[in-house]
Amino acid sequence: MTTEIGRTSATQPDWRRRLFILGTAGAGALAMSGLPGRVLAATTERLKVALHANPSSLDPATGSSGSDHMYLYCLYDTLTEWDPDTLTVRPGLARSHAFTDPKTLVLDLEEGVTFHDGTPLDAEAVKFNLDRVRSEPISNIRADLATVESVEVTGPLQVTLHLKESDSALPLILSDRVGMVLSPTALRASEGGRIDRAPVGSGPWKLVSWTDGERFLAERHPGYWRDDRPGMQEIEILIMPDAATRLRSLQSGQTHIACQITELLQPIVKRSPTLEVRARPTIWCYTLFLNASKGPLADVRVRQALNHAIDRENFIRAAMAGQGEAASMMLPKSHWAYATEAEGRTTFDLDKAKALLAEAGYADGFTLDFRGFPDQAYVQRQEVILNQLSKVGIRGRFANAPIPETDSRWWGERQGEAYFSVWTGRPDPTNIYTILYGETSYYNPSRLKPPEGFMEAIAESRATDDQAARAKALSKAQVLAMDFALNVPIAFRYQMDAVNRSVSDFGPNLLGKPKFTTAVVGS
């Protein structure tokens with residue numbers, strides 16, 4: 001479900017009608033840059049995409065950035081897949097999956113699947129990968145399979161996962177990084193079991209080259225098992241951190257798709273007869289992550305004060321051109337697991353924020369070491385945040401660096417005290433809270449033990465496949481998480497991709513991580 005900006009109808013949902021056009025002086029300046037839109041000549045065999053971030057790694061287990069997925073989806077299939085509109089589970093490399101009892105999950109694999117090196121993707125390969133993700137020190141995603149006790153090959157194309165406890169979320173978790181299967185032959189031949197820059201997956205394209213910060217090129221995997229993808233023989237991704245630069249590449253014909261343009265650039269696209277914006281709400285959430293292991297942030301009252309000091313509606317108006325949803329927690333209101341019980345922990349209330357700071361002994365405020373990204377749109381958002389926090393005496397400056405570098409320093413090296421980024425979400429909501437709040441999770445730089453009852457609520461939600469019962473149990477975890485305040489959720493954003501009208505079978509999805517595998521460029 002996507003929409004083209006400026007082409008809405010009365011039958012479209014309310015969120016589509018809210019994707020309005022705003023004209024600005026900055027947008028007008030870009031429109032006068034002398035780079036006209038044009039129809040791309042003739043069908044090409046190469047899909048050309050402009051993306052905002054360099055990948056941190058092309059190994060699903062060792063990467064640290066949510067932006068990696070747009071590259072990983074090109075190179076790897078996943079054991080299961082998710083529906084782009086609902087995030088419900090679909091078959092993937094596993095043509096079927098079934099719980100034979102609450103603690104036993106059986107995966108039956110597709111026949112005839114091969115890796116890019118020609119070796120077979122069979123049950124032994126899947127077991128090798130799942131065991132690597134669960135046990136290798138270099139794996140950043142061990143927490144995703146925390147409920148798995150052991151992995152057993154029960155047939156040439158059958159894998160059985162024996163669980164420590166019931167886990168109804170596991171099939172959907174296998175649609176993410178942990179379900180991306182690498183060639184065991186390539187891994188064994190690699191130095192130190194790392195293939196960060198030389199990936200060998202089974203996906204629709206195989207890597208040709210990757211130049212850091214510039215260009216990613218992949219070509220069709222000749223032995224690919226599916227007929228419906230890839231849509232194009234090659235995919236070329238040009239790495240352009242600045243949104244205006246990405247749009248100019250589309251206008252000039254250098255690319256077919258410019259991902260994640262900003263809200264203020266929409267009027268330019270609307271004026272072009274050959275371009276359009278395809279957009280929809282997502283679960284991507286602009287978030288101020290907090291390292292609660294040091295300084296003032298070690299006091300939960302201070303973390304709670306930050307949540308009450310942020311005026312989310314003002315942030316959306318000032319930094320998102322009015323397009324977004326204020327975040328009360330890490331899930332939007334349209335999500336089936338949204339918890340009304342957790343509302344109120346992030347209500348904008350300067351008096352309450354000041355009172356909490358005074359109670360914690362910081363009535364005069366303090367200074368934080370902020371981390372973020374250097375592109376213009378992010379700097380603008382940072383300025384809004386600093387301005388709002390200054391009203392309760394919280395000061396600081398942002399040390400900015402490219403996304404993979406900042407991600408590695410924050411999540412891996414645990415540098416800084418507050419990190420403004422976007423949480424890209426996960427298909428299953430329990431996975432979001434587990435990897436953000438799990439005591440040993442890579443994505444919890446504080447390494448604080450979650451509040452009492454939190455993990456029990458997660459387990460309760462995963463013990464059933466009844467959605468209403470899952471939501472009720474997860475609401476307990478969300479209340480505890482927002483009270484513990486390891487992060488400051490600010491606003492959910494829309495995915496806005498500018499495309500040439502000749503591109504078909506491509507659009508944004510609810511997860512907010514585009515897949516290019518079915519896209520086709522026509523004449």
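This report describes selected strands, helices, loops and ring contacts of one predicted model.

## Basis of the description

Because the model is predicted, local features need pLDDT of at least 70 and side-chain atom pairs count only at pLDDT 80 or more, while totals for chains, interfaces and linings use all residues. Residues are numbered from 1 along each chain as its sequence is written, and side-chain values use heavy atoms, with hydrogens and water left out.

## A four-stranded sheet and its helix

Helices (H or I, at least four residues) and strands (E, at least two) are DSSP runs, numbered from the N terminus. One open sheet has 4 strands in the order 5-6-8-7, with antiparallel pairing, where two strands pair if DSSP finds at least two bridges between them. Strand 5 (94-101) and strand 7 (148-155) stand at the edges with a single partner strand each, so one side of each is left without a neighbour in the sheet. On average, neighbouring strands of this sheet are turned by 20 degrees against each other, direction ignored.

Within the sheet, strand 6 (residues 104-109) and strand 8 (residues 158-163) run antiparallel and are joined by 5 bridges, and Leu-107 stands opposite Val-159 in strand 8. Helix 4 (residues 123-135) packs on the sheet, touching strand 6, strand 7 and strand 8, and its direction makes about 170 degrees with that of strand 7. Such axes are lines fitted to C-alpha atoms, for helices over the stretch in contact, and angles run from 0 to 180 degrees between N-to-C directions.

## Strand 17 and its partners

Strand 17 (residues 418-423) is largely enclosed by the rest of the structure, because 6 of its 6 residues are buried (buried means under 20% relative accessible area, exposed over 50%, partly exposed in between, with a 1.4 Å probe and protein chains only). Strand 13 (residues 275-290) pairs with strand 17 in the antiparallel sense over 6 bridges, and Val-422 in strand 17 is the bridge partner of Tyr-286. Strand 15 (residues 366-372), by contrast, runs parallel to strand 17 and is joined to it by 2 bridges, with Tyr-419 of strand 17 as the bridge partner of Arg-371.

## Helix 16

The 18 residues of helix 16 (residues 467-484) should span 26 Å at 1.5 Å a residue, which agrees with the 25 Å between its end C-alpha atoms; the expected span is 1.5 Å times one less than the number of residues. Its buried residues, among them Leu-474, Val-479 and Phe-484, pack against helix 9 (300-309), helix 14 (429-437), helix 15 (454-462) and strand 18 (487-500), where contact means heavy atoms within 4.5 Å. After helix 16 comes Ala-485, whose phi is positive, near 55 degrees.

## Aromatic rings

Rings of Phe, Tyr and Trp (its six-membered ring) pair if their centres lie within 6.5 Å, and planes under 30 degrees apart count as stacked, over 60 as edge-to-face and the rest as tilted. By this rule the count comes to 24 aromatic pairs. One of them is the stacked pair of Tyr-433 and Tyr-437, with 6.4 Å centre to centre and 25 degrees between the planes. Both residues lie in helix 14, 4 residues apart, about one turn of the helix; Tyr-433 is buried, with a relative accessible area of 0%, and Tyr-437 counts as buried at 0% relative accessibility.
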